[in-house]
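This report describes how strands pair, how a pocket is lined and how nonpolar cores are assembled in one protein chain. The sequence and structure are shown first, and the description follows.

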Amino acid sequence: KSSFVPALKGLFSVYYEEKDYYQSFKILKKLIPLDPHSPYQEIFLHLAEKLGYYGILKYYKSTPSPIPFSFLENLLEKDISQIHEKFSFFFKDASCFAELSVDAYGKVNLNEPFFKLSSTKLKDHFLGLTHLVFFPVKEDMQFSSFFLGLKLSEKLVKKALNLESFFVNKTHECATEALRVFHYFIDLGLNPALEKLHNFYYRIWFLLTKPLYLGHIRSFLENALQKIGNLSGGLVPIEGIPQVSLLQKYNLQYVSLPLGINPLTLERSQFLDEDGKPYSDQIEF
């Protein structure tokens, strides 16, 4: 509402003077739609660039293509139907899918869910033309995929985005700790897949050829976290355990499908090898 504009301008001035760019940006996200002709628009774009929110900048100016040629070349050489078959197998627990998008002010929008993943939609996801998420819900309580997420706490994310040196240090710490946990599971004789969504969020996937009951998955992750011990670098664990009740479906946190491009930052999700290096052929992996 327009009555909020003076208060938002005052809050922005306080945070911007303190060089708290993350909070300043959040305030401008609310302020500019209320006052579209505001002189703060230029600062908004400056902060979006500083924070790496290139998905917003594309609405105002051209940005580099987020698709490396090698990825595109590999994708065009593959039979998308075979890739679609694999993805459909490992993510068959999904009760429905949806497309995620970000508007010119950084607001995340979840489009109408659909129930069948087509090969065309999957290819668009790989190319960054859309970003697919899914809701893992089943009533028989058996699942073919789950993950352990390792994510930097929200408080430290804000600090990292505000301070360049802190950002670099946290990036290294998160990568090192994610590899440590990944190797713990490898040493158990398992064959997990390490995915990097961005510098502050990793997922260790367990893609199963035979489904497990929800209770077994929960016990496995709980025991593993006890053995792994406290996570360093400010990382917090996220148990990527599916939900059971279809009635909860639209209240659930969605899960991004791997190998997509983050609609806010335009970073591509990548699978990493045991040394923490991206596989040269992500599709083949």
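Two strands are counted as paired if DSSP finds at least two bridges between them. The model discussed here is predicted.

Strand β5, residues 193-198, runs antiparallel to β6 and is joined to it by five bridges, and within this pairing Glu195 has Arg203 of β6 as its bridge partner. The connection between β5 and β6 is a hairpin that passes through two residues. Strand β6 also pairs in the antiparallel sense with β4, residues 142-152, over nine bridges, where Ser145 of β4 is matched with Leu207 of β6.

Another set of strands, β2-β1-β3-β8 in that order, makes up an open sheet of four with antiparallel pairing. Because β2 (108-110) and β8 (255-256) stand at the edges, each with a single partner strand, one side of each is left without a neighbour in the sheet. The partner of β2 is β1, residues 94-102, and the two are held in register by three bridges in the antiparallel sense, including the one between Val102 and Val108.

The pairings with listed bridge partners are set out below.

| Strand pair | Bridges | Bridge partners named |
|---|---|---|
| β1 and β2 | three | Val102 and Val108 |
| β4 and β6 | nine | Ser145 and Leu207 |
| β5 and β6 | five | Glu195 and Arg203 |

The second largest pocket holds about 590 Å³ of space. Of the 21 residues in its lining, Lys86, Phe90, Ile283, Glu284 and Phe285 are the closest to the centre. Two elements, α6 (80-90) and β6 (201-213), each give two or more residues to this lining, and α6 supplies the largest share with six residues. By residue class, the lining of the second largest pocket comprises twelve nonpolar, four polar and five charged residues.

What are the residues with the most contacts inside the largest nonpolar core? They are Phe25, Leu28, Tyr53, Leu150, Val181, Phe185 and Ile204, in a core of 49 residues. Helix α2, residues 21-34, provides the largest share of this core, with seven residues. Leaving aside neighbours within four places in sequence, Ile204 is in contact with Phe146, Phe147, Leu148, Leu150, Ala178, Val181, Phe182, Phe185, Pro192, Ala193 and Leu194. A second core, separate from the largest one, has 24 residues, among them Phe91, Ala94, Phe134 and Trp205.

Notes: Residues are numbered from 1 along each chain as its sequence is written. This is a predicted model: local features need pLDDT of at least 70, side-chain atom pairs count only at pLDDT 80 or more; totals for chains, interfaces and linings use all residues. Side-chain values use heavy atoms; hydrogens and water are left out. On a 1 Å grid over the protein atoms alone, a cavity is a set of points where a 1.4 Å probe fits but cannot get out, and a pocket is an open set with protein on both sides within 12 Å along at least five of seven lines; lining residues have an atom within 4 Å of a point. Grid points are joined across faces, edges and corners, and a volume is the space filled by probe spheres set on the points. Ala, Val, Leu, Ile, Met, Phe, Trp, Tyr, Cys and Pro count as nonpolar, Asp, Glu, Lys and Arg as charged, and the others, Gly among them, as polar. A nonpolar core is a set of buried Ala, Val, Leu, Ile, Met, Phe, Trp, Tyr and Cys residues joined through side-chain atoms within 4.5 Å. Buried means under 20% relative accessible area, exposed over 50%, partly exposed in between (1.4 Å probe, protein chains only). Contact means heavy atoms within 4.5 Å.
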